[in-house]
Amino acid sequence: MADVGFVGTGRMGANMARRLRDQGYHITAVQDCNARVAEELARELGCEAAGVPGRVAELSEVVVTVVSDDPAMREIYANDNPTSLLAHAKGRLFLHCATITPSVHMEIERSVERKGGESLEACMASSITQARQGTLYLMCGGKPEAFARAKPVLEALGTTIRYIGGAGQAAKVKALVNMVMNCNTAALAEGLGLGDALGLDLTMLREVFSQTGAASRVLETDGEDMQARAHECYFSASHAAKDSRIALALADAVGLTLPLAQATYDQYQRLVTSGRGDLDKSGIAEMTFKGRHP
């Protein structure tokens, strides 16, 4: 089995590393912008807490990156930085699991290939529990040979592995998945918020929703949390806003106007601006229920 390192050890990255360790992979090193988080995980896994991303690539055959956004991705792949992943890219396979702009995936692939490595986006349509259990839904984009090389690691992490196409293509699909999910979440929050204002029993209302055309995946995952105001973070409101923004930029590039996606982005952005971006995406209900928001 390949030696695997991780750059980005938040809850998703850390649980993916634990999963691979449990499946028999040797975790060589972990690195995060929050050094304390990386050090704690390294002690748990018995590996090195790397000081810089380049050290992870130096020690690993496969490097999994789970970073927050485009600037973070560009930083760990900075071509003029001797501590970046590109410093030890030759012969390495890089798997990118965060939701970032499709063009950045394409940019990173070119940079990695110029240094003699391989790059594959492995976009996740799942959450923390699935990362730990190895039941992720993974959408992959890049060269077919990179996908073939990555498949054993991917199959240890997920139960559904889909090859979408070249670099950037999986990121486009992931952006659309999250855009629709976010719209569904905002619509559910409004339906429950209105039901609450009308004095309806929300447990009954959720049951009716589940048996009619109002049913949705987010009703299963977020409906009860919206009712109970239990917004422990599995997918943050700030990430929801970021991902909706990516989808809106894609729409703008092809001349489409998406009023529902725009309204959803605006609502999530208001939640972020109010200082509650670290709530789960279900926290959007705090913006719609009467008496819950300023």
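# Exercises on a predicted model

Alanine 17 is buried, with a relative accessible area of 0%. The structure used here is a predicted model. Each exercise below has a worked solution.

## Exercise 1: Alanine 17

Find where alanine 17 lies and which residues it touches, leaving out residues up to four places away in sequence.

Solution.
- Step 1. Locate the residue. Alanine 17 belongs to helix H1, residues 11-22.
- Step 2. Classify it. Buried means under 20% relative accessible area. Alanine 17 has 0%, so it counts as buried.
- Step 3. List the contacts. Beyond residues up to four places away in sequence, alanine 17 touches Phe6, Ile27, Leu41 and Leu45.
- Step 4. Set sequence against space. Alanine 17 and glycine 5 are twelve residues apart in sequence, and their C-alpha atoms are 8.1 Å apart.

## Exercise 2: The sheet

Work out the strand order of the open sheet and say which strands stand at the edges.

Solution.
- Step 1. Read the order. The eight strands run S3-S2-S1-S4-S5-S6-S7-S8. The sheet is open, and its pairing is mixed.
- Step 2. Find the edges. Strand S3 (48-49) and strand S8 (158-165) each have a single partner strand, so one side of each has no neighbour in the sheet.
- Step 3. Add a helix. Helix H2, residues 35-45, packs on the sheet and touches strand S2 (26-31) and S3. The direction of H2 makes about 165 degrees with that of S2.

## Exercise 3: Strand S6

Describe how strand S6 pairs with S5 and with S7, and explain why S6 is largely enclosed.

Solution.
- Step 1. Take S5. Strand S5 (residues 93-96) and S6 run parallel, joined by four bridges. One of the residue pairs is leucine 93 with glutamate 118 in S6.
- Step 2. Follow the chain. From S5 the chain passes through helix H5 (residues 102-114) to S6. This β-α-β crossover is right-handed.
- Step 3. Take S7. Strand S7 (residues 136-142) pairs with S6 over five bridges, in the antiparallel sense. Alanine 122 has cysteine 140 in S7 as its bridge partner. Leucine 120 has glycine 142 in S7.
- Step 4. Check burial. S6 covers residues 118-124, and six of its seven residues are buried, so the rest of the structure largely encloses this strand.
- Step 5. Look at the helix across it. Helix H8 (residues 169-197) lies across S6, S7 and S8. H8 runs at about 15 degrees to S6.

## Exercise 4: Aromatic pairs

Determine how many aromatic pairs the whole structure holds, then describe each by distance and angle.

Solution.
- Step 1. Count. The search of the whole structure gives two aromatic pairs.
- Step 2. Describe the pair of tyrosine 77 and phenylalanine 94. Their centres are 5.6 Å apart, with 75 degrees between the planes. Planes over 60 degrees apart count as edge-to-face, and this pair is edge-to-face.
- Step 3. Place these two rings. Tyrosine 77 sits in the loop between helix H4 (70-76) and S5, while phenylalanine 94 is in strand S5. They are 17 residues apart, so the pair links distant parts of the chain.
- Step 4. Check their burial. Tyrosine 77 is buried at 3% relative accessible area. Phenylalanine 94 is buried at 0%.
- Step 5. Describe the pair of phenylalanine 147 and tyrosine 163. The centres are 5.1 Å apart and the planes are at 35 degrees, so this pair is tilted.
- Step 6. Place these two rings. Phenylalanine 147 is in helix H7 (residues 144-157) and tyrosine 163 in strand S8, so the pair ties together parts 16 residues apart in sequence.
- Step 7. Check their burial. Phenylalanine 147 counts as buried at 12% relative accessibility. Tyrosine 163 counts as partly exposed at 33%.

## Exercise 5: Two loop residues

Place alanine 215 and arginine 229, and decide whether each is buried, partly exposed or exposed.

Solution.
- Step 1. Place alanine 215. It is in the loop between helix H9 (202-210) and helix H10 (217-228).
- Step 2. Classify alanine 215. Its relative accessibility is 40%, so it counts as partly exposed.
- Step 3. List its contacts. Alanine 215 touches Phe209 and Ser210, not counting residues up to four places away in sequence.
- Step 4. Place arginine 229. It lies in the loop between H10 and helix H11 (237-253).
- Step 5. Classify arginine 229. At 45% relative accessibility, it counts as partly exposed.
- Step 6. Check the backbone. Arginine 229 has a positive phi of about 60 degrees, although it is not a glycine.

Notes:
Residues are numbered from 1 along each chain as its sequence is written. This is a predicted model: local features need pLDDT of at least 70, side-chain atom pairs count only at pLDDT 80 or more; totals for chains, interfaces and linings use all residues. Side-chain values use heavy atoms; hydrogens and water are left out. Buried means under 20% relative accessible area, exposed over 50%, partly exposed in between (1.4 Å probe, protein chains only). Two strands pair if DSSP finds at least two bridges between them. A crossover is right-handed if, with the strands pointing away from the viewer, the path from the first strand over the helix to the second runs clockwise. Contact means heavy atoms within 4.5 Å. Axes are lines fitted to C-alpha atoms, for helices over the stretch in contact, and angles run from 0 to 180 degrees between N-to-C directions. Rings of Phe, Tyr and Trp (its six-membered ring) pair if their centres lie within 6.5 Å; planes under 30 degrees apart count as stacked, over 60 as edge-to-face and the rest as tilted.
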